[in-house]
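Got the viewer open? Let's take a walk through this one, stop by stop.

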Amino acid sequence: TVVVLDFGSQTTQLIARRVREAGVYCEIHPCTVSADEVAAMRPSGLILSGGPLSVYDEGSPQVDPALLSLETPGGGAVPVLGICYGLQALAHALGGGVEASDHREFGRAPIVAHEEDALFRGVPEGSVVWMSHGDHLTRLPAGFRSIAATDNAPIAAVAAEADSEHGPIWGVQFHPEVVHSEHGAAMLGNFVTEICGLKGDWTMGSFIDEKTAEIRETVGDDHVVLGLSGGVDSSVAAALLHRAIGDQLTCVFVDNGLLRSGEFEQVQTTFRDGFDIDLRAVDASDLFLDRLAGVEDPEEKRRIIGRTFIEVFEAETEAITERLGHKPRFLAQGTLYPDVIESVSFKGPSATIKTHHNVGGLPEKLGFDLIEPFRELFKDEVRDVGRALGVPDAIIRRHPFPGPGLAVRVLGPVTREACELLRQADRIWLEELERSGTYDDVWQAFAVLLPVQSVGVMGDFRTYEQAACLRAVTSTDGMTADWARLPYEVLGRASNRIINEVRGINRVAYDVSSKPPATIEWE
Ligand code: XMP
C-alpha cells in the first residue's frame, strides 16, 4: 500500500489515480492523521500532496518529522515523496528554507532533470511539467540535492538518498499528477515501483478476488440487504455480492414512480432473470406520488422522497426478517471513493454543496452493519469491475441519475401525467444520443418538463401545450460541468421527434448553461 496524505489540494485524488494506474494500491488520508496511525497502515510508500496554504500561514498543516522515518513491512525506511506544498512542508520540518515568491509560478515549464535519478527514469530532457505554487525552496535540508530545474526554479525537484541523513525522500515543486505534466504519470510510477520497490500487479481482477473472499469472511452465514437503484454503483455492488454470497443477498428495488422509461422492468430482467438474484421489486409509486401532490419546493420534494424511501425500505426489511426468521445483519451500499474522500479531506471544499445528494441513502439508525465494497474505487474502476462481472453494458454506461428522479425534472408540482410526458421526451432524447453515437461523450443528458405552456400550430390547429428543455453536459465529476456542444442535427432530430410523438409538448429548448453558475439539474 501507498498512503497519500492530503494537505487540501484540488488534485489529491489524481495522485491516487496515477498510482493505481501504475498497478499499485493506494489510499488517501487527511494530513491530520498521526504518524502512529500512518505506521499502523504499514505503508510501503508515503506521498504528501499539495495544498492551498503557505507553510507560514497560521494554522497551516505541518509535517510531523516522525512521518519521515517510518519503517516498511519488509524493514527499511519508507520512501517519501512530497509534492508542491508537501515538499515545502517536509523541507520546513527538516530545517530547509522556504520563501514566498514575488509572483506565483503558474503553468507549463520544461524541466532539465537528472536522468540517472530513479524518479526520472524514461523521462526525456525538456519534458513539460505543470507548476502551481506561491512558495518555493530556497535552502535544502541536510542530505538533499537538487535533481531538476526549470528556467525559473533552480530547485524543481530534490532527493535525499536512503543513506543520507533524512532519506529516502524525494520532492517535486510541480504537479506530476495532472495531465499537463507530460511524463508526470511515469514519475509517479517510478516512485512507487523503482523507489518503493512495489510490483505493480494490482488489477480489477485481483480486486474482485480479494473482495469476494473478504465479503464471505465478513458475512459468514448471515444475510445482506442491498438497495438497488438501477444505477452503476448499486448494480455492480449487487453483482459482486451475489458472486460472493449467492442467495444470502436480497436486493430491494423501489419504483417511486419517478424512474426513467422502462427502468423498472429492465432492472428486474437483468438482475432476477440474468443474475438469478433474490430481488424484491416494490411498486410504491402511488405512495410517493400521492405524498408529492401539490408540492413545489425542490428541497421539500427531496425530503418527502427521502423519508418515504426509508419507510418503504424498512417495511421490506421487515418482510425479509420474517422470511428468514431473523433480522439481516448487513446493509450493502455502492459508496465510492470520492464520496468517502469528500467527508475526510482536510478543508474539503465541497462537503456542504453535496449534502442533498445523499437523498435516497439510508440513515444509520436502521441498525445494520455496513458493507461498502467500493469505498476505495473510482467510478470508472467500478465500471471495470462491473464489466468483469458480466453486468450488461446498458447499465455500466448509464449516466448518473439523481435519487429523487423525475421529481426534480418536472418543475413545479409533480403529477403522474407530467411524469409520463417527461418520461417519453427523455426516452426520445436518449435514443437520439445513442443513435448518433454521442451518448458516451456526455456525462449526463436528460429532459426537463417546464411549467409553462406556449402556442404552436399543428396542421390547421392551434395548440397550447407544454415546453420541454433538453440538457446534456460534459463533466468529470459533476462538480463543474459545461453544456455539450452537440451537432445541430442531433438536437434537430430529437426536437422533431419529441414534438411529433409526445402529445402535450409542442416546444423544445436546449439548455446552454454551464455549472457554475447554473447547476446540472434544474431543481
Ligand atoms: P447539480 O444539479 O447539483 O447535480 O449540479 C450534480 C450531480 O448530482 C446529481 N444530483 C443528485 N443526486 N440526489 C442524488 O442522488 C439528489 O438530490 C441530487 N441532486 C442532483 C445530479 O444529477 C448531477 O449528477
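Before the first selection, one bit of vocabulary: rings of Phe, Tyr and Trp (its six-membered ring) count as a pair if their centres lie within 6.5 Å. Keep in mind too that this is a predicted model.

**Stop 1: an aromatic cluster.** Select Y25, W202, F207 and F374, which together form one aromatic cluster. The structure holds nine aromatic pairs. Now keep just Y25 and W202 on screen: their ring centres are 5.3 Å apart and the planes meet at 45°, so this pair is tilted. That label follows because planes under 30 degrees apart would count as stacked and those over 60 as edge-to-face.

Where do these two sit along the chain? Y25 is in the loop between α1 (12-21) and β2 (26-30), while W202 is in the loop between α4 (184-195) and α5 (204-219), so the pair ties together parts that are 177 residues apart in sequence. Switch on the surface and ask: is Y25 buried or exposed? Y25 is buried, at a relative accessible area of 16%. W202 is buried as well, with 12%.

**Stop 2: charges over rings.** Jump to K327 and F368. K327 lies over the face of F368, at 4.1 Å from the ring centre. Then pick R485 and W483: here the charged end of R485 sits over the ring of W483, 3.8 Å from its centre.

**Stop 3: a helix residue out on the surface.** Go to helix α11, which covers residues 379-388, and find A388 there. A388 has 55% relative accessibility, so it counts as exposed; the cut-off for that word is over 50%. Try drawing a C-alpha to C-alpha distance from A388 to F271: you should get 16 Å, for two residues that are 117 apart in sequence.

**Stop 4: zoom out.** Show the whole chain as a cartoon. How many helices and strands are there? The chain has 14 helices and 19 strands. Its C-alpha atoms fill a box of roughly 85 × 60 × 40 Å along the principal axes. For 523 residues, a compact globule would have a radius of gyration near 24 Å, and the chain's 26 Å agrees with that.

Colour by burial next: buried residues make up 54% of the 523 residues. The accessible surface comes to about 22900 Å², with 50% of it belonging to carbon and sulfur atoms. Finish with a contact map, if your viewer draws one. Among contacts with a separation of 6 or more, 75% come from residues 24 or more positions apart.

Note on methods
Residues are numbered from 1 along each chain as its sequence is written. This is a predicted model: local features need pLDDT of at least 70, side-chain atom pairs count only at pLDDT 80 or more; totals for chains, interfaces and linings use all residues. Side-chain values use heavy atoms; hydrogens and water are left out. Helices (H or I, at least four residues) and strands (E, at least two) are DSSP runs, numbered from the N terminus. Buried means under 20% relative accessible area, exposed over 50%, partly exposed in between (1.4 Å probe, protein chains only). A charge sits over a ring if NZ of Lys or CZ of Arg is within 6 Å of the ring centre and within 35 degrees of the ring normal. The radius of gyration is taken over C-alpha atoms; the globule rule is 2.2 Å times the number of residues to the power 0.38. Contact means heavy atoms within 4.5 Å. Accessible areas come from the Shrake-Rupley method with a 1.4 Å probe; for residues, only the protein chains shown count as cover.
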